[in-house]
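Me: Hey, I've got a structure open and I'm a bit lost. Can you walk me through some of it?

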Amino acid sequence: MWRHVFLLLALIPYIQATQTITCTNGFTLVGNKCLKLFTTPTSRRNASKTCAEYAGNLVSIQNQEENDALASFVGDGVRSVWLGLYCFGGVTGCLWDDASGSIEGFTSFVYDSNDAYNIYKCSIYKVTGSWSKKWFCADCNYDLRSFVCQIPTTYEDDCALNFNGNCYLPSENFFSSQVIGIDSARQWCLNNCGDLVSIHSANELRLIQNYYKSKDHESILVGAVTNSGKSFLWTDGSAWDYSSVVGSGQPTGTCVKLALKTSGSRVQGRLYVSKCEESNYYMCKRPAGISCVGEPAPSVETSLITPNCNGSLMNSGSFSSPNYPKSYSNGENCTYGLGTLGADRIRVTLSNIVLKDQKDYIRIYDGDSVESPLAMTLTGRHSEPVYIESSTNRVFVTFNTLLPFIQSTRNITCTNDFTLVGNKCLRLFTTPTSRHNASKKCSEYAGNLVTIKSKEENTLINDFVGNATKTFWIGLYIFGNEQIQAAWDSGSEWGEMSDYDNFVTASKMSQNYKCVYERSIGIFAGHDCPLNFNGSCYLPFPSHCQPIGIDSTRGECHEGCGELVSIHSANEIRFIQNYYETEQDIDSILLGALSNSEKYLWTDKSPWDYDIPVTLLFVPYGACVELALKTRGCRVKGGLYVTPCETKHHFMCKRKAGITCGDRPTYPIINVDPPSNCNEFLLSPGVFASPNYPKTYPSDSNCTYRLATFGAHRIRLTFWNIITNGPEDSIQIYDGESEESPLVVTLSGVQKEYEFESSSNTVFVTFKNGNNSEATGFEATFKTLI
């Protein structure tokens with residue numbers, strides 16, 4: 001008897017609690033900000049450093065109401081406090097440390113002369129006296145003042161790391177192994193109503209770094225995927241809006257790590273491309289002020305579950321197929337009405353699903369009846385849990401099984417005008433065509449080109465064809481020089497050399513002819529059949545080899561001067577499907593695509609220009625994409641489906657046709673082509689480069705780069721891959737805001753890397769060259785030091 005076990009379903013509502021705005025870490029709610037007063041006078045830099053320990057900044061003021069409120073908050077015991085304002089020159093050059101902009105919208109300076117800003121760059125706020133609530137310029141280095149830090153408001157929540165409306169959950173908070181892959185990490189995060197952490201500001205980055213200061217971790221996995229550095233996606237679907245510099249030591253990597261310590265070429269606080277196959281520490285992030293009810297526990301032996309067939313369940317609960325975990329009966333018809341209160345939503349988790357494939361079905365409707373939109377249909381076996389979240393507070397589930405099928409006495413026959421020849425159904429097509437088109441025609445009948453396994457079959461087929469044609473294709477493909485390296489399209493191997501063959505020669509076959517046809521007299525011959533389509537070569541991974549992970553697959557493709565296959569037309573997807581029609585054991589292949597469930601990237605950096613939907617079916621935590629080659633269960637042939645990157649896959653590479661692929665290509669340390677930003681004013685963090693980099697820079701391309709960070713922080717500047725035409729083409733670095741500042745170093749010639757830390761919040765860089773340019777120049781990154 002078929003043992004078919006249905007499921008254990010956990011109903012997990014995502015409950016939006018009544019959100020109460022609050023402040024953390026002893027800060028006080030003042031208007032829409034959280035403030036904290038520090039009365040001990042100190043320098044501007046030390047004050048900024050203290051605020052950074054709370055992932056905050058020195059106080060900023062955007063309007064008259066906030067200006068008045070600050071004096072009331074500080075009180076009479078303090079005469080003045082530092083402001084989070086630094087003036088790079090003139091009124092428009094005065095910028096707030098929290099990146100909220102300049103003072104053009106509101107200012108309370110006692111004077112308007114630009115001369116004052118050019119002498120003293122920092123600012124203070126008078127609390128008491130006749131100048132109360134007025135701003136003054138002050139010396140950043142020698143003045144000692146009290147100060148007020150500000151952090152954003154958040155919502156009340158029990159989580160330990162609560163910042164700016166989000167809870168941050170490090171991996172050691174979970175029952176899982178702390179060091180796991182991206183898909184397992186995302187699954188734990190999703191089970192806790194979150195996703196892997198995304199980063200959207202310098203303060204958010206500081207919050208994460210501050211937490212890990214007491215840990216030994218060198219890096220953590222963040223919720224980002226990339227196509228080797230050209231484009232990036234946050235897995236939580238948020239915008240890539242914080243210009244954090246991303247480097248790469250992994251040309252085949254598709255995941256991203258945050259460096260927590262400076263080690264070798266990796267700099268603390270920077271993001272780096274990494275392999276998804278690696279195990280990592282990680283951090284989750286979820287909205288604060290919510291109640292995530294019913295976190296799924298780690299897998300344990302299932303206890304007896306009440307079926308609740310044809311029942312209704314409210315809030316959290318469980319239900320199963322009848323008789324679970326024993327076999328259900330034929331002819332079962334169950335409905336399950338699920339609900340939660342108010343405007344909350346429902347998460348349904350389906351586990352241990354084993355159904356008769358294409359006979360017994362689970363259907364899930366996003367609403368209160370079968371009249372609601374059908375959200376998902378399940379059949380067959382599913383080793384991984386399946387998740388679905390409702391759009392309303394109702395879900396309706398049905399479970400239907402078929403009655404037994406009684407087998408009658410059978411008569412062997414052929415369909416679609418095929419003729420029974422021996423134990424096979426054959427059909428002859430006399431119009432000459434290519435081997436590829438012949439295979440395609442056979443696939444339309446769910447068949448293959450003819451196979452011949454014995455002398456008797458060879459005679460029968462030859463008699464069947466008769467005088468209708470002189471030659472015809474047979475379903476045999478040659479993978480090497482020897483007959484033993486040939487295989488039939490039906491998936492059966494050629495076998496030993498002693499098995500039947502009828503090649504015209506008994507010697508080695510030509511390397512140049514891979515496909516086989518038969519003459520009407522019953523002799524095999526060869527023909528050329530490369531996978532060359534629309535300017536690209538397609539290189540399938542041999543089906544007899546073990547599947548591998550995404551980073552290893554990309555490494556294999558790079559060895560052949562290609563990348564994982566991307567798809568840009570209906571014909572291209574048909575071309576790929578046609579090749580795999582004969583691969584009976586391959587249900588899907590990994591594509592060169594990355595996903596955050598909303599947006600997608602091709603790893604070969606080509607545009608996502610073919611409008612084919614990608615289905616999020618069983619693995620909402622997956623970041624990779626596979627192409628279904630067969631219809632199995634809920635997966636439809638030709639569909640694209642999100643899949644875990646940790647899973648091992650069969651795959652196909654794709655490279656340009658008409659090229660010679662020599663040794664393995666080399667890849668740059670940083671894969672992002674940096675903007676030049678010649679003669680620009682740049683705020684940290686950022687990148688810049690010589691003009692036209694990584695190509696040769698033009699003659700007489702003299703550039704200046706004025707780098708700055710907020711407040712009294714410092715700058716770490718890193719140059720990479722310096723190649724200039726000797727001393728006549730040079731890079732000069734000044735520790736300050738102009739060429740009048742102290743000259744630190746002059747760089748020229750060839751140098752792999754150079755790093756410099758400023759003594760202030762500005763750095764000035766010049767690049768000067770002559771009229772004989774044959775070098776690539778440089779690229780550089782800079783970030784804020786706290």
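**Strands, a serine and the cores**

Reply: Sure. Let's start with a pair of strands: S40 and strand S46 (residues 652-656) run antiparallel to each other, joined over 2 bridges. Keep in mind that this is a predicted model.

Me: Which residue in S46 is the bridge partner of Glu563?
Reply: That's Lys654.

Me: Ok, and what order do the strands of that open sheet come in?
Reply: The order is S38-S39-S46-S40, so to speak reading across the 4 strands, and the pairing is antiparallel. Strand S38 (532-533) and S40 are at the edges with a single partner strand each, so one side of each has no neighbour in the sheet.

Me: What comes after S40, where Ser566 is?
Reply: Ser566 sits in a loop between strand S40 (563-564) and helix H9 (570-580).

Me: Is Ser566 buried or exposed?
Reply: Ser566 counts as buried, because its relative accessibility is 0%, and the cut-off for buried is under 20%.

Me: What does its side chain make a polar contact with?
Reply: The side chain of Ser566 makes one with the side chain of Asp604, at 2.6 Å. Leaving out residues up to four places away in sequence, Ser566 touches Glu572, Trp602, Asp604, Ser606 and Lys654. Lys654 came up before, as the bridge partner of Glu563.

Me: New topic. How many residues of helix H5 are buried?
Reply: In helix H5 (residues 202-212), 8 of the 11 residues are buried, so the helix is largely enclosed by the rest of the structure. Among the buried ones are Leu205, Leu207, Ile208 and Tyr212, and also Glu204 and Arg206.

Me: And which residues touch the most other members in the largest nonpolar core?
Reply: That core has 29 residues, and Ile182, Leu196, Tyr282, Ile550, Cys645 and Phe651 touch the most other members. Several elements supply at least two residues each, including strand S13 (166-170), helix H4 (182-191) and helix H8 (550-559). H4 gives the most, with 4 residues.

Me: Why does this core lie between two domains?
Reply: Because domain 2 (157-287) and domain 5 (550-654) both give residues to it.

Me: What is Leu196 in contact with?
Reply: Not counting neighbours within four places in sequence, the contacts of Leu196 include Ile182, Ala185, Leu221, Val222, Tyr282 and Met283. Ile182 and Tyr282 are also on the list of core residues that touch the most other members.

Me: What other core is there?
Reply: Apart from the largest one lies a core of 23 residues, with Phe688, Val763, Ala780 and Phe782 among them.

Note on methods. Residues are numbered from 1 along each chain as its sequence is written. This is a predicted model: local features need pLDDT of at least 70, side-chain atom pairs count only at pLDDT 80 or more; totals for chains, interfaces and linings use all residues. Side-chain values use heavy atoms; hydrogens and water are left out. Buried means under 20% relative accessible area, exposed over 50%, partly exposed in between (1.4 Å probe, protein chains only). A polar contact is a pair of N or O atoms within 3.5 Å; within protein, one must be able to donate a hydrogen and the other to accept it, and residues adjacent in sequence count only if both atoms are side-chain atoms. Contact means heavy atoms within 4.5 Å. Two strands pair if DSSP finds at least two bridges between them. A nonpolar core is a set of buried Ala, Val, Leu, Ile, Met, Phe, Trp, Tyr and Cys residues joined through side-chain atoms within 4.5 Å. Domain bounds come from an automatic or database domain assignment.
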